[in-house]
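Me: I am new to this structure and would like to learn how to read some of its features. Please take them one at a time.

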Amino acid sequence: MFDKQQRKLKRSAKLISVLSKYGFRDVLARMKSGNKQIEIPNNADEIVSKGTVYERIRLALEELGPTFVKLGQTFSNREDLFPPELTLELQKLQDKVERVEMNVEEILENEFNISTNEHFINIQKEPLATASIAQVYKAILADGTKVILKIKKPDVQAVIEDDLLLIKDIEKLVSSYSEIGDKLNLKQAISTFERSLLEEVSLINEKENILQFRRNFKNYKETYVPKVYEEFSNNNVLCMEFIDGIKVTDKLTLLENNIDPVNISEVGLRLFVTQILDYGFFHADPHAGNILVKKDGKVVFIDFGAVGKIPPNDKEILENLIVSFVAKNPHKIVRYLKKMAVSYQIPDERRFESDVEDILDFVHSTSLKEINPQAIINKMKDVLKDNRLYMPDYFYLLFKGISLIEGVGRTINPDLDIVKSLNPYTKKIFTKKISPKNILKTGMDRMLTFTDNVDEIPKELRSVLQKLDENKFTVSSEIKNLEKTNQLIKSSIVNLILAMILGANIIATAIVFVSETGPRIGEMSLVAILGFVFSIFLVIIILLRVTRK
């Protein structure tokens, strides 16, 4: 505990020094007013006064290290939270990665209690790549298989945990001294970042992500997911198959190996959309460095530390959103966006719908090949920001992923038609929506919801209805037109019962419709036809009762 406190104090001193250096002494002064132990360093000669405040924020984050750089990178696509000038600066953030000396053999022997000579023919001493969290080494297993060893840097977990505590302290400071924190929903944004970063730093989590992708795409001929060697993998080490592939944007090498870049661009986009719409589990950072092409033309995604996960209910809403977008229905788009949102405070519903309609007009008035997804995404982000919709974190990962994968595709295929590539999925969703199986499922779900709502009517209300039925309902104060009110309530109950009968009949008719048993007239079930006629009869009765009252 004492060691953890010491580490936090050390990082706090670093934070104070850097904020002071880049001219944020007003922030330090506020921190000091809340904590008398904070000492503002006297480093006036070192203060960086050049550049805008946004440039100095970016420089400060770079100097504070990997956790703060990743924080800035995460917020670089959150135009709904920050001004565009700041997000543009944050997009310039680059990891300043320092290589760390590691004794790989010693680490493996300590982590897995093995003799490396018995399990590995060779382990390269120089890292193949260095990142902020881990370093990557090439190795050869005893059976001659080439593998990659991803090894977490020493103490990186502790540094990240300490930095996260500091970041949360800063968020509390901002929220306590101004309304900006609450207005921007910073607490939720920081919480999302914390969860994402802790998942990324966990190599067990990355191993599970790879295994999930292998299960999802085991029957796909256009892609390959690297194998994981679980016997040499834990939270600090990840051992996986080495992929000898071509960088996806290396058009010349692709052509030299008789691989069509145009086809690769379409396959890559198709695979990414499949991840989203079929599985709700997608690669959250599909930039060019994370996509390789094997000599046989298979597209390979690597580095599964960051993934997006769409809950099943939200996946269905997302499908409905796509259908509404293609159908150019702004009213339904607004409805599904609100269903998907974590929270919203829409000042003007009509303006919101009008903003969405403007985006639809823009898309449908532009030729397919000229559509720039990034421009559409930016317009959508502006609409969400203006109408104060806070979407779940996967929604922003989707925006980022689509921009990255589309950018990769355009690099090797300038004529990439993203809308055309999405057509098969749009048709698939339409077919799914109108299938008898889905209609039956939807009807049953709505019926169950309806009956649940009826069951949840408070006991007090049931008691009132019972007393009304028994003519025992009394009120201590005078109420005008009580008899008419009683009649209206009873009439509403009858309408409710008729609606329940109608719902049950629709479900029964749908079941009989898809069944091949029973008497038939041509290809249609006689019972289904009668059920359909009875449903129409009930609808007419209910409409007449409602309009009459």
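Me: How are helix 13 and helix 14 oriented to each other?

Reply: Keep in mind that this is a predicted model. The general idea is to take the angle between the two helix directions and put it in a class; angles over 145 degrees count as roughly antiparallel, 65 to 115 as roughly perpendicular, and those between these two ranges as oblique. Here helix 13 and helix 14 (residues 312-326) pack at about 120°, and they are therefore oblique to each other. Their axes are 9 Å apart.

Me: Which residues make that contact?

Reply: From helix 13 come I276, L277, D278 and Y279, and from helix 14 come K315, L318, E319 and I322. Sorted by class, the contact has five nonpolar residues, three charged and no polar ones.

Me: At what angle do helix 13 and helix 18 pack?

Reply: The angle is about 170°, and the axes are 8 Å apart. An angle over 145 degrees is read as roughly antiparallel, so helix 13 is roughly antiparallel to helix 18.

Me: Which residues of helix 13 and helix 18 meet?

Reply: On the helix 13 side they are P261, I264, S265, G268, L269, F272 and I276. On the helix 18 side they are L398, G401, I402, I405, G409 and I412. This contact divides into nine nonpolar, four polar and no charged residues.

Me: How many cavities does a search of the whole structure find?

Reply: A cavity is a space where a probe fits but cannot get out. Counting those of 30 Å³ or more, the search finds three. The second largest has a volume of about 70 Å³.

Me: What lines the second largest cavity?

Reply: The lining consists of V248, I264, S265, G268, L269, I291, V299, I405, V408, G409 and I412. The elements that give two or more residues to it are helix 13 (261-279) and helix 18 (393-412). By class, the lining has eight nonpolar residues, three polar and no charged.

Me: How many aromatic pairs are there?

Reply: Two aromatic rings pair if their centres lie within 6.5 Å. By this rule there are 10 aromatic pairs. One of them is F112 with F232, at 6.3 Å centre to centre and 85° between the planes, which is edge-to-face.

Me: Where in the chain do F112 and F232 lie?

Reply: F112 is in helix 6 (residues 104-112), while F232 is in the loop between helix 11 (203-216) and strand 5 (237-241). The pair links distant parts of the chain, 120 residues apart.

Definitions and conventions
Residues numbered from 1 in each chain as written. Predicted model: local features only at pLDDT ≥ 70, side-chain atom pairs only at ≥ 80, totals over all residues. Heavy atoms only, no water. 1 Å grid on protein atoms, 1.4 Å probe; cavity = no way out; pocket = protein on both sides within 12 Å on 5 of 7 lines; lining within 4 Å. Points joined across faces, edges and corners; volume = space filled by probe spheres on them. Helix = DSSP H or I, 4+ residues; strand = E, 2+ residues; numbered from the N terminus. Nonpolar A, V, L, I, M, F, W, Y, C, P; charged D, E, K, R; others polar. Axes fitted to C-alpha atoms, helices over the stretch in contact; angles between N-to-C directions. Parallel < 35°, antiparallel > 145°, perpendicular 65-115°, else oblique. Contact = heavy atoms within 4.5 Å. Phe/Tyr/Trp six-rings, centres within 6.5 Å; stacked < 30°, edge-to-face > 60°.
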